[in-house]
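Grab a coffee and work through these exercises with the model open beside you. Each task comes with a solution that goes step by step.

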Amino acid sequence: MKEIILTTFNARYTHTSIAMRYLYANLRELQPHALILESVINTSVADVAEHILAHQPRIVGIGAYIWNALEVQELTALLKKVSPKTFIILGGPEASHLPHRVDFSKADYIIQGEGENAFYALCRRLLNDDLPEERFIKAPMVDLSTIVLPYDFYSDHDVKHRYCYVEASRGCPFTCEFCLSSADKKVRDIPMERFLGELEKLWQRGVRNFKFIDRTFNLSIENATQLLDFFLSKKEEYFVHFEVIPDHFPKALREKIAQFPPAALQLEVGIQTLDPNISQNIHRRLNVEKIEENLAFLQNETHAHLHVDLIVGLPGESIEGFGRNLNRLHALTQCEIQIGILKKLSGTTLSRHDEIYGMVYSDKPPYDIVQNDLIPFALMQKMKRFARFWDMVYNSGNFKRSCELLWKEGKVFEGFYAFSEWLYIQTESTWQIALDRLAELVFRYLCEEQGYEKERIKAQLIEDIMTVRGRKMPSFLRDNYVPRDESEENTIKVNKRQLKHANAV
């Protein structure tokens with residue numbers, strides 16, 4: 001029996017919830033009476049409820065996010081129906097910010113803000129039958145120098161099979177209207193000596209995949225270089241992910257980044273738009289000249305894997321404008337370009353554009369835009385398919401060289417848009433398209449629609465697909481395939497997606 005259960009639905013099995021571990025770490029004397037139970041979205045909610053109630057908890061704390069809000073709603077309602085005396089406490093971004101667009105009315109209490117101290121205080125009151133009258137509890141920001149850090153509570157199974165998320169800071173100084181981080185305009189750092197000690201403990205336990213959730217890793221160059229030095233001092237293979245500001249790469253930082261080997265360092269670079277007028281409209285700082293200079297450096301002088309972002313549907317930006325952004329960005333970097341669809345999150349100020357630009361969003365998570373005054377519904381649907389196919393074909397790295405034949409003269413958007421239209425006609429789906437089938441579809445399009453010679457395209461596809469050791473050759477290519485010596489030094493062994501985008505194969 002456990003009096004307190006902490007739970008959430010992660011987006012994937014390989015993910016872990018750092019938030020649940022923060023709450024658990026700061027339960028003080030209540031910690032022996034608590035347990036973390038994580039699930040994955042699309043898991044049977046009834047099974048999750050059964051697992052939770054088997055411990056006969058008095059309190060269940062649930063983390064609500066954009067990817068799991070509907071599951072949280074269903075779980076909350078079921079728990080209260082089956083076990084009405086169990087207290088349900090919600091927290092997380094979807095619960096913290098009003099208005100709620102998912103019905104969380106069955107929850108007993110909702111903690112708004114950073115919950116490490118507030119959750120502990122609320123649990124103490126509930127276990128002592130001192131029930132607060134207020135349902136919404138506004139939690140102040142915690143002191144990052146004094147709270148207990150969560151890293152001891154990654155299990156050995158987490159270390160071996162899942163990503164261990166870490167953070168060296170919280171907050172963001174920028175005011176981008178589509179992002180919840182803009183609500184917290186002050187960046188607070190965890191004391192670096194303390195944090196590096198926690199990283200070293202994770203390393204000694206065998207963690208080799210580190211995903212930093214900081215929004216502005218390179219805001220403090222002093223802290224950033226210390227973190228990079230930590231990883232550069234390690235001799236074993238590892239993978240580390242940072243989210244960076246695109247226009248802030250001074251010499252000291254460049255020198256460190258240039259030392260990382262292929263597939264060790266991934267940088268998520270938030271671009272969103274390259275149009276200064278659109279950027280100004282959504283209160284996003286944009287220094288295009290500096291961004292181009294830094295992307296050129298990262299692309300040409302480092303082995304860092306870049307993951308750069310563009311958004312479809314920003315207020316005032318047409319599809320033609322988005323296309324120009326994509327063409328320009330592709331000319332700057334050959335790594336992943338993540339195409340996102342604008343979402344209106346509660347807690348942001350995007351709604352001020354709704355009437356001016358005819359912005360219409362889905363009422364269901366993740367609250368994607370469905371149309372605006374420049375992009376009608378049917379075209380927005382096509383762009384959502386475009387984004388999905390782009391990820392499958394371009395971002396996957398599975399068609400690294402073949403993909404470049406889908407467009408001509410730098411017209412990346414125009415060429416891939418035509419391909420995505422054709423691809424959807426063939427598949428009538430954007431999901432569950434196996435690699436073998438996708439390879440054959442790319443082959444057919446390049447030969448039948450673009451007029452390329454079949455043997456040339458087969459050779460190109462074989463070169464692309466077989467960059468990964470041990471892959472089964474698609475049946476239509478087998479007659480053309482001559483197996484190579486898999487002892488070749490350039491065969492990919494780890495971090496395949498990153499290396500496929502690097503010129504290291």
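**Exercise 1. Find the neighbours of lysine 2.**

Leaving out residues up to four places away in sequence, which residues does lysine 2 touch?

Step 1. Select everything in contact, meaning heavy atoms within 4.5 Å. You should get Pro32, His33, Ala34, Leu35, His55, Gln56, Pro57 and Arg58.

Before going on, a word on ground rules: this is a predicted model, where local features need pLDDT of at least 70 and side-chain atom pairs count only at pLDDT 80 or more, while totals for chains, interfaces and linings use all residues. Residues are numbered from 1 along each chain as its sequence is written, and side-chain values use heavy atoms, with hydrogens and water left out.

Step 2. Look at the side chain of lysine 2: it reaches the backbone oxygen of proline 32 at 2.8 Å.

Step 3. Check exposure. Lysine 2 has 25% relative accessibility, so it counts as partly exposed. (Buried is under 20% relative accessible area, exposed is over 50%, and partly exposed is in between, with a 1.4 Å probe and protein chains only.)

Step 4. Place lysine 2 in the fold: it sits in the segment before β1 (4–10). Helices (H or I, at least four residues) and strands (E, at least two) are DSSP runs, numbered from the N terminus.

**Exercise 2. Lay out the sheet.**

In what order do the six strands of the open sheet run?

Step 1. Trace the pairing, where two strands pair if DSSP finds at least two bridges between them. The order is β2-β1-β3-β4-β5-β6, and the pairing is parallel.

Step 2. Pick out the edges: β2 (34–40) and β6 (136–138) each pair on one side only.

Step 3. Gauge the twist. Ignoring direction, neighbouring strands are turned by 20 degrees against each other on average. Axes here are lines fitted to C-alpha atoms, for helices over the stretch in contact, and angles run from 0 to 180 degrees between N-to-C directions.

Step 4. Add the helices. Helix α1 (residues 18–25) packs on the sheet, touching β1, β2 and β3 (59–63), and its direction makes about 175 degrees with that of β2. Helix α2 (residues 45–53) also packs there, touching β1, β2 and β3, at about 160 degrees to the direction of β1.

**Exercise 3. Hunt for the core.**

Which two residues touch the most other members of the largest nonpolar core?

Step 1. Build the core from buried Ala, Val, Leu, Ile, Met, Phe, Trp, Tyr and Cys residues joined through side-chain atoms within 4.5 Å. The largest one holds 117 residues, and the two you want are Phe212 and Leu267.

Step 2. See who contributes: helix α14 (residues 377–395) gives the largest share, nine residues.

Step 3. Look for another. A second, separate core of 24 residues includes Val45, Ala69, Leu79 and Tyr367.

**Exercise 4. Sort two aromatic pairs.**

How are the rings of phenylalanine 322 and phenylalanine 413 arranged?

Step 1. Apply the rule: rings of Phe, Tyr and Trp (its six-membered ring) pair if their centres lie within 6.5 Å; planes under 30 degrees apart are stacked, over 60 edge-to-face, and the rest tilted. The count comes to 29 aromatic pairs.

Step 2. Phenylalanine 322 and phenylalanine 413 are edge-to-face, at 6.1 Å centre to centre with 80 degrees between the planes.

Step 3. Phenylalanine 322 lies in helix α12 (residues 319–332) and phenylalanine 413 in helix α15 (residues 412–427), so the pair ties together parts 91 residues apart in sequence.

Step 4. Now take phenylalanine 419 and tryptophan 422: this pair is stacked, at 6.4 Å and 20 degrees. Both lie in helix α15, three residues apart, about one turn of the helix.

Terms used:
A polar contact is a pair of N or O atoms within 3.5 Å; within protein, one must be able to donate a hydrogen and the other to accept it, and residues adjacent in sequence count only if both atoms are side-chain atoms.
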